[in-house]
Each structure stands twice: as C-alpha cells, then as structure tokens.
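Hi everyone, thanks for coming. I'd like to walk you through a few spots in one structure, so please have the viewer open.

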Amino acid sequence: MYITSKFNKICLLCRLCPIANFACRISTAVMQNKQFSGFNMKDYMNYIRPFVHYENNTKYKSFNFSLLSYNVLAQELLEKNAFLYDWSDVRVLEWNYRRQLLLNEIKRFNADIICFQEVQESHLSWFFKKLSDLGYNGVYKKRTHVHSDGCAIYYKNDKFTLKEKVTVEYNQPGVNVLDRDNVGIVLRLSPRQYDEENIIVSTTHILYNKKRHDIKLAQVHLLLAEIERVSYKGVGDRNIPEYYPIILTGDFNLEPNTAVYDFLINGALYYSNLQKPTLWSQNNQSGRSDMGNELIPKSLGITEYSQHSDILELRKNNNNKRQINDGLYSKLYHSERKNDQLLSSSLLEFKSGTGNVYHNLKFSSVYNNNISCSTYHDRWTIVDYIFYTNKNLKLRTLMKLPNVAECQPIVAMPNKVSPSDHLPLFAKFSYKIK
C-alpha cells in the first residue's frame, strides 16, 4: 500500500513538470497582456474562459435558450480515487465546500437547460431542492447495479414543458460489449411559447476505460438509436426522415482524434478492420485482432443505421408517422420495464454484420477543435462535448475552453474556484421557428 501511494504521488508529480517555472511566470502569453497582472485563480479562469459571440442576423422567428453541461464529480468517486486529488487542498474536496461553489456557478450561468454527469444519488435531495428554488424541474437516472451516481437534466419550468422522457441503460444482459453500467437520458422539451415545437436534449456519461473503445462505440450506438426514436418527426421530400432539433451533451471520455468521435460527427464508421478493442488503425506490428463485422448482436434489434428495426416497421405500417407507444417495440433491456410490456415479437430481418455503423442526425460540435481542454486525464485534454444539429439550431454564444498552455497554471482541480475536476460547458442557441 505504501509503495502504491508513493508511486501514485510520483506519477502526479509529473503533472507539475510543465509548470516548473510557475513561481516565476504564469504564462508568457498571459503576462505579456497588460490587461492581466498578478495571479488570482478566479480572475485567471475568467480571463481564459471568455464568452464568444457569433453574428446573429436572424430575420426569422426564433426561440433563444441557453444550456450548461457539467460533470460535477460525485463525492463518492472522489473519495474512492483520493490519490488523483493529492494536489488539491483537502478543504476544497469536501462536499459542503464544493456544493456551494457549484451552486454559485449554476446561479451565475442561469442556463435554461442543465445537463449533469456524476450526480450522486444521495445528493439528489440537495440538487432538486436548490434547483427547484431556482425554477428548475429535473429528470435523474442512476447508473445501474451498485453504482451511486448518474446523469440528470434540469430545465426551467417557466420556459419548457416536458413532453417525453427516456432513460437508456447500456448494460444489456448477455452482451459482452455492453456489460457496463453507464446510462443516458433523452428528453423531448417543448418551449412554452411555441407548444407545437420540440427540442430533443440528451446527456450521457460514457465508459472511462481508455482501451475499450469498442464498448464506447456500442454505448453511443444504443444512445443514438433512442435519440433517433424520440426525435423522429416523419418523412419529407424524397421520403427522407426528418427530425426535431437535437442537443447531445456529456462526458464522452473521447478525444477528437478517436474513431467514436469521428462517428458522432461524420455519421459513419467502418470499424471492421480496426483493432479490437482500441479501434486504432491496424498495422502489422500491433498483434491485435480486428473488430470483425458485428459490433452488437442482431437480437438487440438495432440496425447499422442506429435505428430500432421493429420501430422502422411500425412507422412503415403507419404511413411513416411516429407512434407514441413506439418505445414498447424496442428490444433493449431496461431494468425498470417489465418484459410483458414489450410489443415487438419475432425478430425482423434487417441488414447487419457489415462492419459499418451510421446515423442520420448530422451533428456539429460547439467545441469543434482539438486544442480545447475540459479536464486532466494524465494530460490536459477534452472529453466533454455539446453536439447539436445545425439545420434548425444556430449557435449564438459559447464559453471558450482553455488550451493546454492556458491550463498550465491550474495546478489542481477541484480548487477554490472550480468545484469539479471537469470544466463546465456553456452555450446559447437560437431555434428557428417555422
């Protein structure tokens, strides 16, 4: 135990190497700017995280709203992995201290929609009470089995009506690539002033394991199938599916140069010849087997286009219209649903086992570069995202994420300014109303 503790501290010490001159200089770029002098962590965080506004010459009727996405660091996970936070002042690691900072941030952002990851179940009463006082309603989904944290979405009650809520469990019995307890939430929200319109908001926390990108891909594949189901409007010209605007947020534990990130942005991934389980490009020296042609078993009823096969048939039999009970035609396991509620019967034939996955949702990313940082995973990197469909949603404002150089003075998170080991993401959108 002693050796392990010392080894962990040595590993963490490596984190300080890039800031060996910290006492002498913060950052050349920062210190050369006369608008910033001296070092105050709160002022510094505000300096490196300005709001960026985009031109908004909208001549059409629109609905404006803001969104915050935040991995708030569950206290139980913090305490189980205490060695990761050796560089933080022990006082700032206490939940009573962190929750006050978190509440201050929530009030400062005053977002219309809040997506949280790592919300501890035993802290739910605090979250719901404080957020209810601020005018929010919310939906929570705990990770399955013995875990104590999960995801939550809160929305301003005076701005939105909840039309539909779906929780997604990635742990599917008997499926090796889907044996982890991560979860997701999908909500269909309607602006109160435009009751016929809908906005789909989803959040998730994907598996952390750095090597198991096969699991990450399978989890995203399942979530997209549920998002596709809830967001489906019908078909338009040339029989092409149409969808309500979608915002997908969360801690994806993916960097921008990974295959799963490419799948989210590009809508297609040929995984068959990629290394298992990392999804890296194959080479003669790797010694790893290929992924093969089947990501998930056909029995789950998810097509390679991230759609439910039985629900596609249901639409076809109902003039391409969505049926409100279509969730009962899903073959996915859910611990809160009884098997006798399922309406799907025999397995429909659909194309599978091709080594490809697709989706039709056409996402853009609010943070669409690979130099932004949202957390520290052995090095400063980005794993948290806000994805959105840009057909009817226009990005108006974002809160900039710092780059690696700007992160160097941040010796530890949590700290006296930041209550989590992740930075919050914030954006404002304009929804074009027809």
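Before we look at a helix cap, one term: a polar contact here is a pair of N or O atoms within 3.5 Å, and within protein one of them must be able to donate a hydrogen and the other to accept it. Please also keep in mind that this is a predicted model.

Let's begin at helix α3, residues 41–48. What caps its N-terminal end? That is Asn40, with a side-chain oxygen 3.0 Å from the backbone nitrogen of Lys42. Within α3, the buried residues are Met41, Tyr44, Met45 and Ile48. Looking down the axis of α3, you'll find these buried residues within an arc of 100 degrees, so they line one face of the helix.

Next, please move to Arg322, in the loop between α9 (309–316) and β13 (356–358). Is Arg322 buried or exposed? Its relative accessible area is 18%, and buried means under 20%, so Arg322 counts as buried. Its side chain makes a polar contact with the side chain of Glu164 at 2.7 Å, and also reaches the backbone oxygen of Val230 at 3.4 Å. Apart from neighbours within four places in sequence, the contacts of Arg322 are Glu164, Arg188, Arg229, Val230 and Tyr232.

Finally, the empty spaces. Searching the whole structure gives four cavities of 30 Å³ or more. The largest has a volume of about 140 Å³. Its lining comprises 18 residues, with Tyr271, Ile296, Ile302, Ser352 and Gly353 nearest the centre. By class, that lining has six nonpolar, eight polar and four charged residues.

Thanks, and I'm happy to go back to any of these views.

Definitions and conventions. Residues numbered from 1 in each chain as written. Predicted model: local features only at pLDDT ≥ 70, side-chain atom pairs only at ≥ 80, totals over all residues. Heavy atoms only, no water. Buried < 20%, exposed > 50% of the residue type's maximum accessible area, 1.4 Å probe, protein only. Helix = DSSP H or I, 4+ residues; strand = E, 2+ residues; numbered from the N terminus. Arc of directions from axis to C-beta. 1 Å grid on protein atoms, 1.4 Å probe; cavity = no way out; pocket = protein on both sides within 12 Å on 5 of 7 lines; lining within 4 Å. Points joined across faces, edges and corners; volume = space filled by probe spheres on them. Nonpolar A, V, L, I, M, F, W, Y, C, P; charged D, E, K, R; others polar. Contact = heavy atoms within 4.5 Å.
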